[in-house]
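Open the model in your viewer and keep the sequence panel at hand. We will go from one selection to the next, with a short note at each stop.

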Amino acid sequence: MQTQDINAVLSSIETAHGLPNGMYINETMAQKEREHVFHKNWTALTCGKNVPHAGCVMPIDMLGIPMLVTRNKNGEIKVFENVCRHRGMILVNEAKRLNGPITCPYHAWAYDMDGHLRATPHVGGADIHDHEAVDKACLSLNEIRSHVWMDVIFVNIDGKAAAFDDMHSDIIDRWAEFNRPIYHSGSDSSFSLTLNSNWKLAIENYCESYHLPFVHPGLNSYSRLEDHYNIEGPGHFSGQGSYVYNPSLDETGRTFPTFDNISNKWDTAAEYLALYPNVLLGVHRDHVFNIIITPDAINQTTEQIEIYYADQSALDDSYSVMRQKNSAMWKEIFVEDIDVVEGMYKGRSAPQYDGGKFSPIMDGPTHYFHQWVAKQMAA
Ligand code: FES
Ligand SMILES: [Fe+2]
């Protein structure tokens with residue numbers, strides 16, 4: 001980004017412009033963004049519920065890097081490069097639960113869930129399984145720094161970011177009441193959407209409630225624009241809150257069980273925050289969700305949505321219909337957003353578009369995100 005573009009974004013909201021077109025459509029800038037935004041921060045990768053048991057392994061490619069998520073016998077999650085230290089073969093091709101080690105399909109070098117190299121068959125010749133030049137202790141899988149919060153597995157690819165708890169202490173404190181076990185019911189609480197758009201536009205759209213009456217008329221009929229408030233950090237997040245969370249998913253008035261001892265504030269409040277760079281979060285007294293935003297390409301983005309309940313009893317069959325309705329309600333809202341997120345992307349190819357003009361009242365959370373991105377690019 002040019003200095004004048006950075007300054008235009010960092011200016012006060014009354015005079016600021018948004019990020020320039022190039023930040024959405026220029027491949028060179030996307031490469032730079034990969035390094036400055038995704039490698040240096042805590043990037044959301046996937047969810048802990050996808051490796052539920054000891055011995056579970058899950059390959060996942062993010063930003064072109066093949067990664068492998070494992071869970072060891074102590075329940076700890078680790079992330080490694082999904083690459084054998086011998087000749088660089090991809091180790092695991094599909095998510096599965098292993099009884100033994102992670103064995104490379106090429107020459108059968110084997111690693112445990114902590115990435116330690118345990119076996120090197122025939123490395124010293126037929127039936128000789130060691131060689132003095134091959135020191136197993138120095139050939140563990142290359143680990144990628146990771147941290148789990150609210151079941152989201154985050155990775156810091158360059159390994160140099162401040163500790164997750166330090167970098168994100170503001171949001172952790174804000175949502176301390178939700179930092180406890182949450183329960184996922186499986187396929188009825190999970191769906192994904194693919195958008196022909198740049199990933200940042202999905203984040204920006206989620207940050208604000210300004211579009212609610214126009215894009216979500218159904219939602220706006222009970223959670224109106226005026227029922228929302230803006231949240232702009234402090235910290236690496238922004239979004240909106242609502243004062244009127246009161247879902248009706250069952251004709252008899254039955255509701256999901258809530259978190260134990262949750263404070264009154266959450267009787268009717270809900271908050272929706274984008275935690276930068278790439279995860280959208282929502283919290284309510286009875287359920288939370290996360291949406292991991294993956295930039296598949298400069299013009300293609302995947303949103304993976306996972307819904308979790310506050311109490312294990314919400315996973316009972318008796319709640320099955322309500323859970324499906326809850327998922328369907330969220331899906332309808334996120335599908336309603338696709339048109340505008342894709343439309344804004346097309347708009348970024350208009351050469352005279354200057355990053356736009358913010359409403360000083362309504363666009364604060366979006367401007368906060370733009371400022372954060374501009375600061376990363378300037379760093
Ligand atoms: S590449 Fe993995 S054992 Fe040879
Ligand atoms: Fe929306």
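## Stop one: a hairpin

Start by selecting β16 and β17, which are joined as a hairpin through three residues. This is a predicted model, so please read each stop with that in mind. Strand β16 covers residues 279–283 and runs antiparallel to β17, with five bridges joining the two. To see one of these pairings, show V283 and V288: the latter, in β17, is the bridge partner of V283.

Now keep β17 selected, residues 287–297, and colour it by burial. How many of its 11 residues are buried? Nine of them are, so this strand is mostly covered.

## Stop two: the next strand along

Add β18, residues 300–309, to your selection. β17 and β18 pair in the antiparallel sense over 10 bridges, and two residues lie between them in another hairpin. For a landmark here, pick F289, which stands opposite I307 in β18. While side chains are displayed, recall that in a regular strand they alternate between the two faces of the sheet.

## Stop three: a three-stranded sheet

Move to β6, β7 and β8. These three strands form an open, antiparallel sheet in the order β6-β7-β8. Why is one side of β6 and of β8 left without a neighbour in the sheet? Both β6 (102–103) and β8 (117–119) stand at the edges, and each has a single partner strand. Zoom in on β6 and β7 (residues 110–111), which pair over two antiparallel bridges. Here I102 stands opposite Y111 in β7.

## Stop four: H370

Select H370, found in helix α10 (residues 364–378). Is H370 buried or exposed? It counts as buried because 27 C-beta neighbours lie inside 10 Å. Leaving aside residues up to four places away in sequence, H370 touches V9, G18 and L19. Try a distance label too: the C-alpha atoms of H370 and I6 are separated by 9.5 Å, although 364 residues apart along the chain.

## Last stop: the whole chain

Zoom out and colour by domain. Domain 1 takes in 3–35 + 165–378, and domain 2 takes in 52–147, according to the domain assignment. Their C-alpha centres lie 35 Å apart.

With the full cartoon on, you have 10 helices and 18 strands in view. The radius of gyration is 23 Å, close to the 21 Å given by the globule rule for 379 residues, so the chain is as compact as a globular protein of that length. Along the principal axes, the C-alpha atoms fill a box of roughly 75 × 55 × 35 Å. Buried residues make up 39% of the chain's 379.

Key. Residues are numbered from 1 along each chain as its sequence is written. Chains are lettered from A and ligands numbered from 1 in the order in which they are written. This is a predicted model: local features need pLDDT of at least 70, side-chain atom pairs count only at pLDDT 80 or more; totals for chains, interfaces and linings use all residues. Two strands pair if DSSP finds at least two bridges between them. Helices (H or I, at least four residues) and strands (E, at least two) are DSSP runs, numbered from the N terminus. Domain bounds come from an automatic or database domain assignment. A residue is buried if 20 or more other C-beta atoms lie within 10 Å of its own, exposed if 12 or fewer, and partly exposed in between; C-beta atoms are placed from the backbone. Two residues are in contact if their C-beta atoms, placed from the backbone, lie within 7 Å. The radius of gyration is taken over C-alpha atoms; the globule rule is 2.2 Å times the number of residues to the power 0.38.
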